[in-house]
Amino acid sequence: MNADARITAVLGPTNTGKTHYAIERMLAHRTGVIGLPLRLLAREVYDRIVKARGPSVVALVTGEERIVPERARYWVATVEAMPVGIGADFLAVDEVQLAADPERGHVFTDRLLHARGQLETMFLGAETMRSAIQGLVPGVRFMGRDRFSTLTYTGGRKISRLRPRSAVVGFSVENVYAIAELIRRQKGGAAVVMGALSPRTRNAQVALYQNGDVDYMVATDAIGMGLNLDISHVAFSSVTKFDGRRMRQLTPPELAQIAGRAGRHMTPGTFGVTGEARELDPEEVEAIESSRFAPVRRLQWRNHRLDFGSAARLVASLEAETENMWLARARDADDLKALKALADDADIAGRLQGPADVRLLWDVCRVPDFRGISPAEHASLLGQIFRFLHGGGPVPDDWLAAQVRRIDRVDGGIDMLSRRLAFIRTWTYVAQRNGWVDDAPHWRGETRAVEDRLSDALHERLTQRFVDRRTSVLMRRLKQKESLVADVNENGEVTVEGQFIGRIEGFRFRQDETSTPDEARAVRQASLAALKPRFVLMADRLYNASDTEFDITEQGGLMWGDTAVGKLRRGPEILRPDVDVFVDEIAGPDVAEKVRRRLGHFVERRIAALFEPLLALSGDETLSGATRGFAFRLTEALGILPRAEVVAEVKALDQEARGALRKHGVRFGQFTVFMPALLKPKPTRLRLVLWSLWNELDEFPEAPPPGLVTIPAVAGVSEEVYRLGGYRLAGSRAIRIDMLERLADMIRPLDARAGFEATADMLSITGLTLEQFADLMEGLGYSATRGERPKARPASTPEHATTTAAEGEGAPEATSEATPEAGAGHEAAAAGGASEADTGARAEGAGDPDAAPAIEGEAADTAAPAEAVGADIEVFYTFVRKPRPRRDGRAPGKGAKARPKKAHRGDRSHAGGKGKGKPGPGRKPGDRGGKDRIDPDNPFAQALMGLKLKE
């Protein structure tokens, strides 16, 4: 060093421009070196000098990064990596007060004592270092600098109440992530800055904050080391930190170093506490605001005159004590711990044959423990590297490639990517050492590329987790007082300034969740210009759409394709529901009215199409009196009436009235009066919807699956719901009402009082087993008696077959159509209503509850089925109609003389007869009521025909 070289200590608080002044002084010299405390800060200063002088003359040297052009004149480095022996004209060390730091202080102390520029040396730091520098550096001159802006304490404040452009400081990764997540939910997002981040990730995160994409930053104490950010308020989430050995309180100078980041250049700054951090003491506040702190009394020191004669002598030299009152021996650093561990390894110790080997081992031990797994794990890795290098060659390419390949993955979350970044920093450091790898430029580029990929992925994950991009973009534009541009794509997705904010569902805008009410209002206002024209066009399309594009759901919703556009509600009449439309206020009243009118037309036409027979019946002006009253009852019941409820009304209808009703498709069954056309699936579904609307139900019953003859009974479902669904509840199942009438037709010719068995046709049309059929019949008012008997063997003789065929010729033809009116009139055991002839030509039954259900002696066409229980035993059921209780409450046959059975009247169309067994005019064989259905051996039939009884 030149004897005339100047040594200057520039001391003062933060925001005094010390680093800027040092850069200007360095660029005033031909060559220079500046050492900075952090890799992040070194990169920032490097970028500034490159911008001023160009990349060809500026070098960057850190533990993991080395950019050294051939004509390098200015060197920017971390303090540990400073090239102190190149004879630069200017040399500066920033944040020199870190010489008191227990972990890294000995490095700063060494630079303070031994690093000098040929012409000028400059130490930058806090005023607390004045006494120590004066005592250790002869001839030093001091320059004081005052803070450009004021710094004021504002006390405690909740995170939710922090103003924009605030930085929240935490001292652990977990704390930083938790705070950033909270700010994302409440404020839209935060940038994350930590010392462990790569420069690429850190710069990307800082850019989010500096560009205004986010208004908040969550950081560790790394921001206290010279990072120039636009921060107006610093909030401490804690005032304690773990220093590597124990939890301790932050000292006032440390608090001031971080709080001093608030207020840029001439803009005043504030600081305070948040979360669970304690309030600062008045003495601490006064010291920070006035930048008056106790001076540093001791600096961390480690001997720089190392003895490489042996491992033991090297350790001893590193542990040497000092007698200087300003210095204290530093505690064992990671490199010394690794040296001691490897020196105790027999294999390593055996390789140490001279000073060169010891020096190589020391160089390897200085590889930082970026991974932070454990001292033993770190020492093991260093031992492997030493063995490679001591063997006479560099680290093998294939081994190094395998290590890098395992790390070169961008999947996983934030923690996984952070660990991979820490691992790649180890191999980046190794690649930077001269002679440690074969193709150094290749491996430096390879490890740098992996670090960049991991850095980009980590930045992306941090942004995804802690920044709501939509909110940040929208709020930035709002702050800039710019109008927001909204757009709607073909999928109905709405974007504002390219950010997804919601989607259109029909004529409603479903806004995505927003962070603040202010943003929600701004987004809705911005989207109005884009949405209103879209809704107008959609209303035109809906109005011109065909009815086939619309549908009514089982819950009364109105669908336009796959989009819900409205719903039905109770109207003035059951067949005239009103329509509510799903149209946002944004669309305007004209669009809402247009949609309502079109949906109303659709509903009106759908009801008219599906209930055409019922509407024709209710609008028939030719009906009068009892007939019109019955038509009104049937319309109110939506086309299905239990016959038991209208016994008197049915009896009051004469044949002409019934004929008029039949012309409209009304069918008088034994159990139900209904309109078969309304039993189809679509009318059934709509009938349940209309009934549910009329009764103002919250949840509508669903229609039964189409095509099923019987369905299981569901607990809690009323008989009325089954009726509206086209079914009648009977036991544990419900049977479709038209198939029930077919079953009644099959039972009618049988002797229900004496008992009968089920035929195969009965089981076939119901689709039930014999046991299930028995339960169904009990539900219809029959008793079912179970019995067992030997199996009947089938007849095999020709005579038997001939006899059976002959008997079959005179038997009536079984009715297979669902025509409950086709049999003789009698009251159903369960319903108690009278049935009538299908043609209406014969008179209705007199309504006697005890009248015979059918002409005795008729047999079914098919033998009764039975269930086998053994090799020769089968099970059968005998069904007997239960007596119907009398209307006066007495049991049948008691207290009054039973009335004689009324003779079954023949078909009047047979008057004048045209031969036995042949139908009269207008009759076909098989029609009930004709002579072809009368047993000549039946005395009632003989009397009806006017025949003389023979003894």
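**Entry 1: the sheet with β27**

I began at Ile 640, which stands opposite Phe 674 in β29. The model I am reading is a predicted one, and I keep that in mind throughout these notes. Looking up the strands around this pair, I found that β27 is joined to strand β29 (residues 672-674) by 3 bridges and that the two run antiparallel. I then followed the sheet outward: it is an open sheet of 3 strands in the order β27-β29-β28, with antiparallel pairing. Its edge strands are β27 (640-642) and β28 (667-668), each of which pairs on one side only.

**Entry 2: strand β3 and its neighbours**

Next I turned to strand β3 (residues 58-61) and asked which way its side chains point. Val 58 and Leu 60 point one way, Ala 59 and Val 61 point the other way, and all of them are buried. I noted beside this that in a regular strand the side chains alternate between the two faces of the sheet.

Which strands pair with β3, and in which sense? With strand β5 (residues 74-78) the pairing is parallel, over 4 bridges, whereas with strand β4 (residues 66-67) the pairing is antiparallel, over 2 bridges. Leu 60 takes part in both registers that I looked up, since I find Leu 60 opposite Val 76 in β5 and also opposite Ile 67 in β4. The connection from β3 to β4 is a hairpin that runs through 4 residues.

**Entry 3: salt bridges**

I searched the whole structure for salt bridges and recorded 54 of them. As background for the entry, side chains of opposite charge can pair when their charged atoms come close. I wrote up three of the pairs in detail.

The pair Asp 47 and Arg 43 forms a salt bridge in which the closest N and O atoms are 3.7 Å apart. Both residues lie in helix α2 (residues 39-53), where they are separated by 4 residues, about one turn of the helix. Is each partner buried or exposed? Asp 47 has a relative accessible area of 34% and is therefore partly exposed, while Arg 43, at 16% relative accessibility, falls under the 20% cut-off and so counts as buried.

For Asp 221 and Lys 241 the closest N and O atoms of the salt bridge are 3.0 Å apart. Asp 221 lies in the loop between β12 (216-219) and β13 (233-236) and Lys 241 lies in strand β14 (residues 240-242), so this pair ties together parts that are 20 residues apart in sequence. Asp 221 counts as partly exposed because its relative accessibility is 28%, and Lys 241 is buried because its relative accessible area is 18%.

The side chains of Asp 345 and Arg 387 also meet in a salt bridge, at 3.7 Å from N to O. This pair links distant parts of the chain, with Asp 345 in the loop between α10 (334-343) and α11 (346-351) and Arg 387 in helix α13 (residues 375-390), 42 residues apart. I have both partners down as partly exposed, Asp 345 at 27% relative accessibility and Arg 387 at 25%.

I then checked for salt bridges that share partners, and these join Arg 43, Asp 47, Glu 65, Arg 200, Arg 448, Asp 452 and Asp 456 into one network. The helix α2 pair described above, Asp 47 and Arg 43, belongs to this network.

**Entry 4: a negative patch**

On the surface I located a patch of negative charge in which Asp 397, Asp 398, Asp 438 and Asp 439 gather. I looked more closely at Asp 438, which is found in the loop between α15 (414-432) and α16 (440-466). At a relative accessible area of 56% Asp 438 lies over the 50% cut-off, and therefore it is exposed.

**Entry 5: positive phi values**

Finally I looked up two residues other than glycine that have positive phi values. Phi of Arg 165 is near 65 degrees, and Arg 165 lies in the loop between β9 (151-156) and β10 (166-169). Arg 165 is buried, since its relative accessible area is 15%.

Ser 291 has a positive phi of about 55 degrees, although it is not a glycine. Its place is in the loop between α8 (282-290) and β17 (299-301). With a relative accessible area of 28%, Ser 291 is partly exposed, whereas Arg 165 is buried.

Definitions and conventions: Residues numbered from 1 in each chain as written. Predicted model: local features only at pLDDT ≥ 70, side-chain atom pairs only at ≥ 80, totals over all residues. Heavy atoms only, no water. Patch = residues over 30% accessible without salt bridge, like charges linked within 9 Å, V, L, I, M, F, W, Y side chains within 5 Å. Areas by Shrake-Rupley, 256 points an atom, 1.4 Å probe, with all protein chains shown as cover. Salt bridge = Lys/Arg side-chain N within 4 Å of Asp/Glu carboxyl O. Lys, Arg positive; Asp, Glu negative; His and termini not counted. Charge placed at Lys NZ, Arg CZ, Asp CG, Glu CD. Buried < 20%, exposed > 50% of the residue type's maximum accessible area, 1.4 Å probe, protein only. Pairing = 2+ DSSP bridges.
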